[in-house]
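Q: Could you walk me through this one before I set anything up? I'd like to start with the fold and then go on to the charged and aromatic side chains.

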Amino acid sequence: MIIEKNGKKYEIIEYTAHWLVRLKNGDLTVDFQIPKEICKNSIELKDYIYQEKMF
């Protein structure tokens with residue numbers, strides 16, 4: 001799944017205990033791990049990304 005915010009594309013990978021949110025910009029890759037305690041499903045994760053200033 002891809003989520004776009006402010007011209008950036010975040011690749012989302014679901015794991016059992018967390019979400020991996022990956023931002024690629026040229027040769028640079030930044031990974032964020034979001035625990036499923038914070039975002040239980042993809043809808044909550046999308047809302048979280050849109051609300052958080054770090055994204």
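A: First a word on naming: helices and strands here are DSSP runs, with at least four residues for a helix and at least two for a strand, numbered from the N terminus. In that sense K5 sits in strand β1, and please keep in mind throughout that this is a predicted model.

Q: Ok, so what's the strand order in the sheet, and how do the strands pair?
A: The sheet is open and has 4 strands in the order β1-β2-β3-β4, paired in the antiparallel sense. Its edge strands are β1, covering 2-5, and β4, covering 28-35, each of which pairs on one side only. On average, neighbouring strands in this sheet are turned by 25° against each other, with direction ignored.

Q: And where does helix α1 lie?
A: Helix α1, residues 42-51, lies across β1, β2, β3 and β4, and the helix runs at about 25° to β1.

Q: How many bridges do β1 and β2 share, and what's in the turn?
A: The two strands pair in the antiparallel sense over 4 bridges, with E4 partnered by K9 of β2 and K5 partnered by K8 of β2. They form a hairpin with 2 residues between them, and N6 in that turn has a positive phi of about 50°, although N6 is not a glycine.

Q: Is N6 buried or exposed?
A: N6, which is placed in the loop between β1 and β2, has 65% relative accessibility and therefore counts as exposed, the cut-off for that class being over 50%.

Q: What about the next hairpin, how many residues join β2 to β3?
A: That hairpin joins β2 to β3 through 3 residues, and the two strands, residues 8-14 and residues 18-25, pair in the antiparallel sense over 5 bridges. Among the bridge partners, E14 is matched with W19 in β3, and Y10 is matched with L23 in β3.

Q: Back to β1, which residues are on its covered face?
A: I3 and K5 make up the covered face of β1, while I2 and E4 make up the uncovered one.

Q: A lysine on the covered face, then. Which side chain of opposite charge is nearest to K5?
A: That is E52, at 7.9 Å, and K5 is buried yet has no salt bridge. A salt bridge here requires a side-chain nitrogen of Lys or Arg within 4 Å of a carboxyl oxygen of Asp or Glu. E52 is nevertheless among the residues that K5 touches, the others being Y10, I49, Y50 and F55, once residues up to four places away in sequence are left out of the count.

Q: How many salt bridges does the whole structure have?
A: The search finds 2 of them. One is between K36 and E14, whose closest N and O atoms are 2.5 Å apart, and this pair links distant parts of the chain, with K36 in the loop between β4 and α1, E14 in strand β2, and 22 residues separating them. The other is between D31 and R22, where the closest N and O atoms are 2.7 Å apart.

Q: Why do K36 and D31 fall into the burial classes they do?
A: K36 has a relative accessible area of 17% and so is buried, whereas D31, with a relative accessible area of 40%, is partly exposed. The cut-off for buried is under 20%.

Q: Switching to aromatics: how many pairs are there?
A: The structure holds 3 aromatic pairs. One of them is Y10 with F55, which is edge-to-face at 5.5 Å centre to centre and 90° between the planes. It links distant parts of the chain, with Y10 in strand β2 and F55 in the segment after α1, 45 residues apart.

Q: Why is Y48 with F55 called edge-to-face?
A: The ring planes of Y48 and F55 stand at 70°, so the pair is edge-to-face, and the ring centres are 6.4 Å apart.

Q: Are those rings buried or exposed?
A: Y10 and F55 are both buried, F55 because its relative accessibility is 5%. Y48 is buried as well, with a relative accessible area of 19%.

Q: Last one: which residues make up the aromatic cluster?
A: Y10, F32, Y48 and F55 form one aromatic cluster. Two of these, Y10 and F55, are also among the residues touched by K5, the buried lysine without a salt bridge that we discussed earlier.

Note on methods: Residues numbered from 1 in each chain as written. Predicted model: local features only at pLDDT ≥ 70, side-chain atom pairs only at ≥ 80, totals over all residues. Heavy atoms only, no water. Pairing = 2+ DSSP bridges. Axes fitted to C-alpha atoms, helices over the stretch in contact; angles between N-to-C directions. Contact = heavy atoms within 4.5 Å. Buried < 20%, exposed > 50% of the residue type's maximum accessible area, 1.4 Å probe, protein only. Lys, Arg positive; Asp, Glu negative; His and termini not counted. Phe/Tyr/Trp six-rings, centres within 6.5 Å; stacked < 30°, edge-to-face > 60°.
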